[in-house]
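Open your viewer and get comfortable. We will begin with the whole chain and then zoom in on one helix.

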Amino acid sequence: MKWMWKGLLLILGLVLTTGLRAQQDTVLPFIDYDLPKAYEVGQISVTGTFNSDANALIGVTGLKSGSKINIPGPEIQKAIRALWKLKLFTQVEIIQARVTDNIVDLEIRLLERPRLARYSYTGIKKLYHEDLNEKLKRFINRNDVVTENKKQTAVNEIKQFFKDKGFYDVDVKVLEKRDTKMRNGLVLEFDVSPNDRVKIDQIIFEGNQLVSDKKLRGKLSETKQKGKIFGKSKLVKEDLEKDKVKVIQYYNTVGFRDARFVRDSIWRNEDGTLNLKLVVEEGPRFYIGDITWKGNSIHDEKQLNAYLGIKKGDVYNQELMDQRLKYSQDGRDVSSLYMDDGYLFFRVEPIEVSIENDSIDFEMRIYEGPQATIDKVNILGNDRTHEHVIRRELRTRPGEKFSRSDIIRSQRQIINLGYFDQEKVGIDTDVNPQRGTVDITYSVVEKPSDQLELSAGWGGFQGVIGTLGVTFNNFAMRNLFNKKQWDPLPTGDGQKLSLRGQSNGKFYQSYNFSFTEPWLGGKKANSFTLGAFLTKFNQELFGLGKLQIARGYIGLGSQLKWPDDNFVTNTTLNIENIRLDGSLGSDRSFIDPRTGQPIIGGSYNNFSIKQTFARSTIYDPLFPRSGSNISLTVSLTPPYSLFRKNLNTDGTPQEVFKYVEYHKWRLDAQWYSTLAGKLVLKMQAKMGLLGFYNKKIGLVPFERFELGGDGLSNQNYGITGRDILALRGYEVADLAANAATSGGATIFNKFTMELRYPLTLNPNSSIFLLTFLEGGNAWIGSKNYNPFDLKRSAGLGMRVFLPMFGLLGFDYGFGFDKDLPENDKKRFGSYGKFSIILGFEPD
């Protein structure tokens, strides 16, 4: 042991001897390290540090000026070990700087580890940067000492981050460089190569006896094995945990109350793919036993059981029970029964009181509480829309009893205004149990709602070609002459003003105007609409005739209280004059139904009353997720022929149709339902019928139906007395009823089914994709009507809604029932048709 001690003294002596240098050629006295000697510590200095406090480091060593130490001795060794423990340095030395008599000055020489100035990533998308920063800040931050351990920890965290997202072959390299701004600072660059996501070859379920593997795999919405058409094959840890919850929730809906996952395991195959095994324990299947109610005084058990809709012997379904007790989309739940009657403090808890074999007895414990009254109703966030416009739509008013359904309906009414971001319409209820009152606050975020349509060009001899149209959906007519309210136009009263002009040079001009006040008088939801348009069509340059149509209309609408307040009615008076001078050509002429010949000239008057009954439960007109919209419209003219006793029914078109008479019917219905997540199903049916009063006169040459095309290409001529309806995948000429010699159809059917999926519902740009099945046809006369003879089509499309320009989109339809020439039947492209949608959804 003595030789080991001498060896250590010799090594320490060499270190100290190396440090004992002459200061200004001063020779330090000789120290015999075999004979330790006591010294008094003089001055202590620290060199080689940039980011550490010298006094703090001296304090860590335990050495103090004036203290006694032995050289060699344990004090120096202890000081060196203390500095190493800080893990701040790559080199530690304590040097004897000067010796005067028995006083020794010490110099602590350190080589400091670099500090982190910043770090960055390469090789990955920027969308990952923020999440990675959030993850790494727990382990490494600016000014931290950079150690190999910290770098490896950061690498491991980055790898785990990407593994959790399915990138199991991620590679991370750490590159270092000195920072030019921070002294002794180091910049770390993590070069990340995620490589491809590793696909799941098989998802294996074990332990499931009564539910099939296929059914369980179908509940894994985010975790899919390869080979699936919908959904990418990937294993993301977070998504897997969510999917496991969905599987257990499904088990709970089919009676397996105690189902749980026992374990899961993952292993790699030789080809690099993954296998995932999920071991489940189903437990027994349970059924509903006796159901009793406790605490109910307002409603009896019979009524409560009717709302619950669950009876003894039913399979235990936890999700259904929660819906029927607390909240159901159709409003038929026990909580709504109470809360719609003011019982805001109502609570109900299903308690399992007995489990016998496979049956569970429940006791529904109710706390009814007192009725709550609405105290204040506040509105926040309406920067442009005046408060009365929002408040008049609300079903919740101060002093009335609280009603949950009224709050839901109020939210729907606010969204339907179209002035606010539907995703940010908030509702806050501030309850005061002591007073039995509740304050309701509706918060909104304004979005652009006006639209502009602009196009222009020069057509040579045609003259100016273009369109200019503006629609102000939140106009304020009362501030029209108040310049202080122009920003840039008077807005905020919820009125709608539309101005539009269109020109195709000398050949076609159209001008229209409309104004709508949705709350005439301000007290009830009685709408008032006033509008007019003038259209001129000139074919004289081609040796044909001219057409001019002038129409004015005025309408009154109101909201009904019966059968419910989702019903509205609207009555519109239309006065129209059609002036025809010459023929418009074979494809645009009006046809005299008595002779089948084009009408050459004359002036025709159309005075009609249009009555509409409609019911709508749609809360978002742009992208409805649920609800329906059904309307029945009938247009009637006076039966002039009954009063024109001297009318010659075999006379000229000008004599017979001078005063147009008809009755016209339209039924339109739309249903929307969310299938899963954001995927929405739309079902639609449209039907129309044009009838007559006098058999001797028969059908009129106006007010016909035209089915086919995109519904927009012929819209310019739709105001000439035809309803233009799109039929995707078909041209107008593909339907026999649209033949030039027919004058247009008098009856039609159209049925549509669409699947819609939104990419974004941002109010500044809403985009959704769709795929559709469609069928429709049109006929002339009820004798030719065959509801089973439909022109079928399928296809896909996209819609983009820009607040300033309205709706943009396209459809590509494949018509299955086209009557094509033999040569065209072999060409796939002959069955397809591409359509562009501009401004509004075609009928």
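Colour the protein chain by secondary structure: 15 helices and 34 strands appear, where helices (H or I, at least four residues) and strands (E, at least two) are DSSP runs numbered from the N terminus. Zoom out, and you will see a chain that is more spread out than a compact globule, because its radius of gyration is 41 Å, well over the 28 Å that the globule rule gives for 843 residues. That radius is taken over C-alpha atoms, and the rule is 2.2 Å times the number of residues to the power 0.38. Along the principal axes, the C-alpha atoms fill a box of roughly 145 × 80 × 65 Å.

A word on the model: it is predicted, with local features needing pLDDT of at least 70 and side-chain atom pairs counting only at pLDDT 80 or more, while totals for chains, interfaces and linings use all residues. Residues are numbered from 1 along each chain as its sequence is written, and side-chain values use heavy atoms, leaving out hydrogens and water.

Of the 843 residues, 45% count as buried (under 20% relative accessible area, with a 1.4 Å probe and protein chains only).

Next, select residues 129-136, helix α4. Which of its residues are buried? Show the side chains of Leu 132, Lys 135 and Leu 136: these are the ones. Look down the axis of α4: its buried residues fall within an arc of 90°, so they line one face of the helix. The arc is that of the directions from the helix axis to the C-beta atoms.

Finally, add β5 (115-122), α5 (148-163) and β7 (185-193), which are among the elements covering those buried residues of α4 (contact means heavy atoms within 4.5 Å).

Terms used. Buried < 20%, exposed > 50% of the residue type's maximum accessible area, 1.4 Å probe, protein only.
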